[in-house]
Amino acid sequence: MTEGKMISVTIEGRAVQVPEGTSMLEAAKVAGVLIPHYCYHPGLPVAGVCRMCLVEVEKSAKLAPACATSVAEGQVIHVHSDPARVARQGVLEMLLINHPLDCPICDQSGECELQDYTFAEGRKDSRYREAKRFNPVEDFGGDVVYVPNRCILCTRCVRFMEDVAHDPVLNVSERGDRAVIGKFEGQDLTHPWAGNVVELCPVGALLSKDFLNKARSWDLDRSASICPNCTQGCNTALESRDNVVVRMRPRPNEDVNKYFLCDEGRLNYRWLNRRDRVEFPHIRRGDALAPAGWDEAVEAAAAALRGRRVHVVASPSLSNEVLFQLAQVIARLGGTGVFRVRQGPEAPLDGVPGLSLRADRAANVRGAELLGFRRTETPLAGLANGDALLVADEELAGADAASLAAAAATAAAVVVIGTTLPSWAMRAAVMLPIANMAEEEGTFTNVEGRVQRYLQAKAAPGLARPGYAAMGDLLTALGDQTVNVVPSDVFRALAAAHAPFGGMTYEGLGLRGATVSAQAQPAALAAAT
Amino acid sequence: MGFPQKSHPRETTVLSKHFGDPDARTLAGWRNRGGYRALEQTLAMEPAAIVQMVKESGLRGRGGAGFPTGVKWSFMKPGDGKPHYLCCNADESEPGTFKDREIMRWTPHALVEGCAIGAYAIGAETAYVYIRGEFTEPLERMTEAVREAYAEGILGRNALGSGKRIDVYVHKGAGAYICGEETALMNSLEGRRGNPRIKPPFPATAGVFGQPTTINNVETLVAVPHIINNGAEWYKAMCLGNAKSTGTKLYSVCGNVRRPGNYEVVMGFPFKEFLYDLCGGPPAGRRFKAIIPGGSSVPIQTIAEAEATVMDYEGFVACGTMLGSGGVICIDDAQCMVKQIARLARFYAHESCAQCTQCREGTAWTTKIMERIEAGQGTAGDLDTLLDIADNMTAKTICVLSDSCAVPVVSGIQKFRDEFEAHIVQHRCPFRPATAAAVAA
């Protein structure tokens, strides 16, 4: 940004300096002025076709498309002058003449740029008296359905598939007002990142089948989050209604995922709404697990662990904070910590180097490694006779009954911290129910070592508590003198104890994150054995 | 000559001298008529000297914009390390224009020679001739001429033994009006959808395949060998007063006129004499009502305006229109202007590439209103709406197709408002026989 010449321009009376080659539209952002636009998107090549961003430039005969025009020294640009405003009003009227005006049944309603700008600046009525063009709804394959009557032909979707996904499935078919977005013969939107066209579409023309008719946008609560489905750590917005997550969308972060999110990540949110959650702490009474209060359960867990080496099987989808607290338990009692990672096929987004659906399908593999946990395919193998087994948010899916029985026989005590109660966990001495990632806040460390915060999106069921709170109490019960039961405190302790995180603060991470040093080495677990 | 009419004595036939002469199509026949002497001469010259000569001749682009050709060529900087390209725009898609078609049908070698000289002058080794998809015969003639020129060593890696490489490729379009727009033509040539590109960058910076490119009209390029052979002064002298417009211009005359065809006259010729003497005036019993002098995209003139016009770039502008491509469309007093303009609007609506909102929606909307007025369904507010839509369509889009659709509508309403109002008031087209029901009412 700093190299090269700086250009001074005045936009809506505000003087700004921007690097040479900056578009008027981006320069206006620097000046704090929004120039209305449709076809322009910072993650796509410039098309300059919607003509919505026409602005008046003093001493220039024609209005200039702000997205496609670089600023020049000394320019005075007007966004809200009469000529620019009238031009936008003309574009809006033209965009609406063939539009069905079906906002009441349109999924995009409430988050539609056509709606927004029309409310802001459009005519109060249309002068169009002729028949409207009609084209039938088309299934584009994948998660995408196309409603051509609402389409404004901004071509963002076409450009995404061609220039970012490098899988040119979409095109503009036909000419004039018969033009529609078309698919090339025999092809579908099956690219692993194709669902982004739904987000890129500024109107209700490209819709997600998954979200179709599910909620009105104004009924949704939105929280900044991180996609929990692989190690890439794409920034997301978790959207919920009535305490149910109904949609996960990409949230821009230039350093991680730009503006994009893969389809697998986008659609894999239903597990956040599981109904088979454990809502109360449980303690073994005779042959069965029985509900108990938190104080009693935490004390029972501490009693089961106290004086024993501990073998921790942790989920690599737990936050850095909870993994750090588990490591502290191991440090107090001695023992080992392992995790395993579900695998899936890699799916890179070709147009964005470094952005890919990663093979490791868990959010915090790098964090678990840096905090000293060992990756393994056989998480129960390290369990020694007489050890306590502490299983943290790991269902051990796929482990065979014999090895589970053997582990239960080997372990002196089984403590389960988690969201669900799989059948093997019925043997546990104590079960502490915790929130899933949508119900708490915390941080993940992504594959590139970026530590990123996610915020709470909904409430946890019953008496389930955030993992950091449950672990904080357990550590206190085990004799830890520092009381760390809020995530910022836990993170402070983590940053103080682990060099790769040195200097970071929870607040300082903000919503962009910070990166651990490139030479970061995994910590040694269980210094005090 | 006024092909297919006999040449008129007041014509100045330079480019059209051999129209209708089949022998001029062959390489041997063309050489007998002095062909390729200019190319031989230029290959011994410095490219800069050729550009200078064309500059001095005053030759301006014949495709419509009238930009000085020599100046355009001088934008191509020699020694920039990039391949240069020459594009010949033989798309000739402007309604009412059919001069390039005749040039390619009868004198294809003239265009091959013009392309070769142009390419050499701008430092290009490759010239592309982009021929309109509907032009089957011109395509055959050009392909054959290029084949002959290669066989005789006129083109190729050692053009005319000069040691210089000049390749000419003939490319067939697929039949889209918009591919006559220079950047849409380049996209089409590259195998993309023929959508105009945003300028800047201009073709001289990034044209065909992203490389510096000059694009010239057929008529412009075929004029160049004559300038080389006869000198810039000779060309400059072909003008009747206004030194800014020089040389001869081919006009394609069509519509309600007695002798339609191609006429070549010197710049500055009086339009009135052109229309009545050369072209024979309107059909018997009719009078001219309106003239569209430069292809369908220029403002319509009333006959009174046309009769006062001097035929050169500045002369047409002074009388409220443009020389454009030289496609003269004559409209007599038996024609309904609303119907004519509605037909033009329909053409533009059909041909809009659909990129820009105002063009995609505006051309179609304009067409629907125009056709509704013609059908007798117009309302009082329609004319104001049409003018406002036209305003939204003017100077706001990537290319000028949208402006071209607005132009006949605006000039038509300005100059023939009474006809529009008659349609609206009478609820029918006054130029059509009244129906029995309407008479009874």
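The following exercises, each with a worked solution, concern a predicted model of chains A and B.

Residues are numbered from 1 along each chain as its sequence is written, and chains are lettered from A in the order in which they are written. Local features need pLDDT of at least 70, side-chain atom pairs count only at pLDDT 80 or more, and totals for chains, interfaces and linings use all residues, while side-chain values use heavy atoms, with hydrogens and water left out.

**Exercise 1. The interface**

Task: Describe the contact between chain A and chain B by residues, area and charged pairs.

Solution.

Step 1. Contact means heavy atoms within 4.5 Å. On this basis, chain A contributes 34 residues and chain B contributes 31 residues.

Step 2. Buried area is the accessible area (1.4 Å probe) that two parts lose on being put together, summed over both. For chain A and chain B this area is about 2700 Å², and carbon and sulfur atoms give 53% of it. On the side of chain A, the residues that lose the most area to chain B are A:M94, A:R127 and A:R175, together 27% of what that side buries.

Step 3. A salt bridge is a side-chain nitrogen of Lys or Arg within 4 Å of a carboxyl oxygen of Asp or Glu. The rule finds 4 salt bridges across this interface. One of them joins A:R127 to B:D388, with the closest N and O atoms 2.8 Å apart.

Step 4. A polar contact is a pair of N or O atoms within 3.5 Å; within protein, one must be able to donate a hydrogen and the other to accept it, and residues adjacent in sequence count only if both atoms are side-chain atoms. Across the interface, 15 residue pairs are in polar contact, both residues being at pLDDT 80 or more.

Step 5. Helices (H or I, at least four residues) and strands (E, at least two) are DSSP runs, numbered from the N terminus. The elements that give two or more residues to the side of chain A that touches chain B are α2 (82–97) and β8 (170–173) of chain A. The largest share, 8 residues, comes from α2(A).

Step 6. Ala, Val, Leu, Ile, Met, Phe, Trp, Tyr, Cys and Pro count as nonpolar, Asp, Glu, Lys and Arg as charged, and the others, Gly among them, as polar. The touching side of chain A then has 18 nonpolar, 5 polar and 11 charged residues.

**Exercise 2. A pocket and two cavities**

Task: Characterise the second largest pocket and the two largest cavities by volume and lining.

Solution.

Step 1. On a 1 Å grid over the protein atoms alone, a cavity is a set of points where a 1.4 Å probe fits but cannot get out, and a pocket is an open set with protein on both sides within 12 Å along at least five of seven lines; lining residues have an atom within 4 Å of a point. Grid points are joined across faces, edges and corners, and a volume is the space filled by probe spheres set on the points.

Step 2. The second largest pocket has a volume of about 1100 Å³. Of its 34 lining residues, A:E162, B:N187, B:R192, B:N195 and B:Q355 are the closest to its centre. The lining divides into 18 nonpolar, 8 polar and 8 charged residues.

Step 3. The count comes to 8 cavities of 30 Å³ or more. The largest cavity, of about 180 Å³, is lined by 18 residues, with A:V198, A:E199, A:S208, A:F211 and A:R247 nearest its centre. Strand β13(A) gives the largest share of this lining, 4 residues. By class, the lining has 8 nonpolar, 2 polar and 8 charged residues.

Step 4. The second largest cavity has a volume of about 80 Å³. Its lining includes A:L380, A:W424 and A:R427, and helix α10 (residues 401–410) of chain A gives the largest share, 3 residues. The lining divides into 8 nonpolar, no polar and 1 charged.

**Exercise 3. A salt bridge and backbone geometry**

Task: Locate the salt bridge of A:E111 and A:R247, and describe the backbone at B:P200, B:P201 and A:K59.

Solution.

Step 1. The whole structure holds 73 salt bridges over all chains. In one of them, A:E111 meets A:R247 at 3.0 Å, N to O. A:E111 lies in the loop between α2 and α3 (113–121) of chain A and A:R247 in strand β13 of chain A, 136 residues apart.

Step 2. Most residues other than glycine have a negative phi, and most peptide bonds are trans. The bond from B:K199 to B:P200 is cis, with omega near -5°, and the bond from B:P200 to B:P201 is cis, with omega near 0°. B:P200 is in the loop between α8 (182–189) and β4 (213–217) of chain B.

Step 3. A:K59 has a positive phi, near 70°, and is found in the loop between β3 (54–57) and β4 (64–65) of chain A.
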